[in-house]
Amino acid sequence: MIAFVSGTVASLAPDAAVVEVGGVGMAVQCTPGTLAQLRVGHHAKLATSLVVREDSLTLYGFEDEDARQTFELLQTASGVGPRLAQAMLAVHSPDALRAAVSSGDEKALTAVPGIGKKGAQKLLLELKDRLGEPLTAASAALPGQAAGGAHGGGWRGQLHSALVGLGYATREADEAVAAVAPQAEEAAASGAEPPVPQLLRAALQTLNRAR
């Protein structure tokens, strides 16, 4: 098992990063939120989970060990493969998922592309005794707290690509980016560079309310 990769980020794509480790480029599948924290040419260390299939070996990367463990626990539920588990972590933090499952929050799970009402009900039953309780009280509110992104085209491009990568139509992505733009602009006006991961969660909350 490859527990983590540590090295220089060689390239970034909408759904993956290539990290150079000992002269070898390791392709790592990551959530948009994790990718938004990486910079080409900079050092990165990602916790990883190797998914072995008959015809492929796929390495999934995470910002910390908690996310990696949650990714693997989610796959113990029937019908949850690595792609869906990754999508769940793109929408919710590990602790927010624990809060959603422990409180029986169907709406939080249906915010994830690919999970409908019946699927959410089934996951709540199967995961209730597996994920455990949230680690912090703040998680009970679930993600979606507003924040901005980089500024100008940077945060807009990253956010739009992330939403399309999660399966939303271009029109839906455009509307979600526009909805969170005031939050990003407010942060930029104060001289801050709001993290794209939180912007992404705010945009997903907007899309979920629009359903």
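These legends accompany several close-up views of a predicted model.

**View 1. The largest nonpolar core and its best-connected members.** Welcome to the interior: 46 residues make up this core, and Leu74, Met88, Trp155 and Leu163 touch the most other members. Two or more residues each come from strand 5 (56-62), helix 2 (65-74), helix 3 (82-91) and helix 4 (94-103). Helix 6 (117-131), helix 7 (153-165), helix 8 (170-189) and helix 9 (196-210) also give two or more residues each.

**View 2. Met88 and its contacts.** Here we zoom in on one of the residues that touch the most other core members. Leaving aside residues up to four places away in sequence, Met88 touches Leu74, Leu97, Leu109, Val112, Ile115 and Leu123.

**View 3. Another core, apart from the largest one.** This core has 11 residues, including Val5, Ala17, Val19 and Leu46.

**View 4. The hairpin of strand 4 and strand 5.** Take a moment to follow the chain from one strand into the other: 2 residues lie between them. The two strands pair in the antiparallel sense, with 7 bridges. One pair to look for is Arg53 and its bridge partner in strand 5, Ser56.

**View 5. A nonpolar patch on the surface.** Leu50, Val52 and Leu57 together make this patch of about 280 Å². Val52 belongs to strand 4 (residues 43-53). Is Val52 buried or exposed? Val52 counts as exposed because its relative accessible area is 52%, and the cut-off for exposed is over 50%.

How values were computed: Residues are numbered from 1 along each chain as its sequence is written. This is a predicted model: local features need pLDDT of at least 70, side-chain atom pairs count only at pLDDT 80 or more; totals for chains, interfaces and linings use all residues. Side-chain values use heavy atoms; hydrogens and water are left out. A nonpolar core is a set of buried Ala, Val, Leu, Ile, Met, Phe, Trp, Tyr and Cys residues joined through side-chain atoms within 4.5 Å. Buried means under 20% relative accessible area, exposed over 50%, partly exposed in between (1.4 Å probe, protein chains only). Helices (H or I, at least four residues) and strands (E, at least two) are DSSP runs, numbered from the N terminus. Contact means heavy atoms within 4.5 Å. Patches are made of residues with over 30% relative accessible area and no salt bridge: like charges are joined within 9 Å, nonpolar side chains (Val, Leu, Ile, Met, Phe, Trp, Tyr) within 5 Å. Accessible areas come from the Shrake-Rupley method with a 1.4 Å probe; for residues, only the protein chains shown count as cover. A salt bridge is a side-chain nitrogen of Lys or Arg within 4 Å of a carboxyl oxygen of Asp or Glu. Two strands pair if DSSP finds at least two bridges between them.
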